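Have your viewer ready and follow along, one selection at a time. Each stop tells you what to pick and what you will find there.

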Amino acid sequence: MKRTDLILLSTLTLALLSPAQALVDYTETTPSQPRVKRNSPAPARRIAPKVNTSTQAQSSSSNGASLGLFNIQSMYHSMKVEGESGQSDIQKMKLHALFQTHYNLFVDADYDFYQSSDEEIGTSGDWQAGRGKALLGFNWLQFGSVADLATIDLIGGIRSSSSSDLASSRLDKIVGVETTKRFYQFAVGFGYELWLTGTPDSEEEMKIGNVSLLKASLGWVVSRDIRFSLEGATVSISKASDSDEGLKLDEDIKYSYVSPMLSLGLSPFVNVNMGATFRTRRAKDVQRLVPAKLWELPGLYGNTLFAGIEFSI
């Protein structure tokens, strides 16, 4: 890890401000609900727009018979990738699961599958397994009533390597801190996430330095069945170490994106989500980053459309 990344992560942790990949539980509630006490077990309330936050789903997950709230979703992404020979298409299918316990812990996991027929990307046109991610979150601080709840979460985990032609063979470690605040029908979140990237096994894959994401998010409950979220982030990709040999990134890269998402409730436990990711600041010479296989980074290679369905138990 570079000294600048260590300084930034330490500063944000001490300041108790940082981003997440989503927006908080903003279920409709009444101000008369009891305040949350620090010494009583409560589910970790992570700001994540992909989590079903209906009143029925939350009440069913918080009764004594359940272990917590379990949310699962599948999302289809259509990505435009700018390569050396022009623009290519990559299809991604993402499976995501979030389990929030009653003991200030949550588990966030996903797994990707990719498909592309572009020879420059080096695939056969068939669907290939991507990389899996597993994060463990700890609700370090929580205060306020349910209607104006504020939380601070610490996260850590890994993104696994892959043996497929399309996905990266790196093993990355992930650490971060997130803070969220709810204002009745609105919720805001900030966070910082750092990827401690490993060395790829393939010589044809580009070596890179650490990746950092500084995020902000906003959620709005428009009505009982309509929710809207907006996420924006600045992403920095550090150059590879001077000791690395072969294909490597020789200068730092930075870009920004914004991602709106609309969630429509089909039932108390089923939502349909749709949205897009747009670059607000384009990475310099993004074509050279294709061999780095950073498909998990939203908006790096181009704009993206996505849609999917989620279930809450």
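Start by selecting Arg288 and Glu251: these two side chains form a salt bridge, with their closest N and O atoms 3.2 Å apart. This is a predicted model, so keep that in mind as you look around. Arg288 sits in the loop between β11 (270–281) and β12 (304–312), while Glu251 sits in the loop between β9 and β10, so the pair ties together parts that are 37 residues apart in sequence. Glu251 counts as partly exposed because its relative accessible area is 30%, and partly exposed covers the range between under 20% (buried) and over 50% (exposed).

Next, which residues are joined into one network by salt bridges that share partners? Select Arg131, Arg170, Asp172, Glu205 and Glu296 to see them. The structure has 10 salt bridges by the rule used here.

Now zoom in on Asp172 within that group. On one side, the side chain of Asp172 meets the side chain of Arg131 in a salt bridge, at 3.1 Å from N to O. This pair links distant parts of the chain, with Arg131 in strand β4 (residues 128–143) and Asp172 in strand β6, 41 residues apart. Are these two buried or exposed? Arg131 has a relative accessible area of 0%, so Arg131 is buried, and Asp172 is buried as well because its relative accessible area is also 0%.

Add Arg170 to the selection. Arg170 also forms a salt bridge with Asp172, and here the closest N and O atoms are 3.3 Å apart. Both of these partners are buried.

From here, move to Ser169, in the loop between β5 (150–159) and β6 (172–183). Ser169 counts as buried because its relative accessibility is 10%. What does its side chain reach? It makes a polar contact with the side chain of Glu205, at 2.9 Å, and Glu205 is one of the residues in the salt-bridge network you just visited. A polar atom of the Ser169 side chain also lies 2.9 Å from the backbone nitrogen of Asp201. To show the surroundings, select Ser161, Ser162, Pro200, Asp201, Ser202 and Glu205: Ser169 touches each of them, leaving aside residues up to four places away in sequence.

For the next stop, select Lys215, in strand β8. Lys215 counts as buried, because its relative accessibility is 7%. Draw a distance from its C-alpha atom to that of Glu178: the two are separated by 9.2 Å, although the residues are 37 apart along the chain.

Now switch to a surface view and select Phe183, Phe186, Leu218, Trp220, Val222, Ile226, Phe228, Leu230, Leu262, Leu264 and Met274. Together they form a nonpolar patch on the surface, with about 850 Å² of accessible area. Which strands each supply at least two residues of the patch? They are β8 (211–223), β9 (226–237) and β10 (253–267). Pick out Phe186 too, which lies in strand β7 (residues 186–196). Phe186 is partly exposed, because its relative accessibility is 38%.

Finish with the aromatic rings. The structure holds four aromatic pairs. One of them is Tyr111 with Phe113: the ring centres are 5.3 Å apart and the planes meet at 55 degrees, so the pair is tilted. Tyr111 is partly exposed because its relative accessibility is 34%, and Phe113 is partly exposed because its relative accessible area is 29%.

Terms used. Residues numbered from 1 in each chain as written. Predicted model: local features only at pLDDT ≥ 70, side-chain atom pairs only at ≥ 80, totals over all residues. Heavy atoms only, no water. Patch = residues over 30% accessible without salt bridge, like charges linked within 9 Å, V, L, I, M, F, W, Y side chains within 5 Å. Areas by Shrake-Rupley, 256 points an atom, 1.4 Å probe, with all protein chains shown as cover. Salt bridge = Lys/Arg side-chain N within 4 Å of Asp/Glu carboxyl O. Helix = DSSP H or I, 4+ residues; strand = E, 2+ residues; numbered from the N terminus. Buried < 20%, exposed > 50% of the residue type's maximum accessible area, 1.4 Å probe, protein only. Polar contact = N/O pair within 3.5 Å; in protein donor to acceptor, adjacent residues only side chain to side chain. Contact = heavy atoms within 4.5 Å. Phe/Tyr/Trp six-rings, centres within 6.5 Å; stacked < 30°, edge-to-face > 60°.
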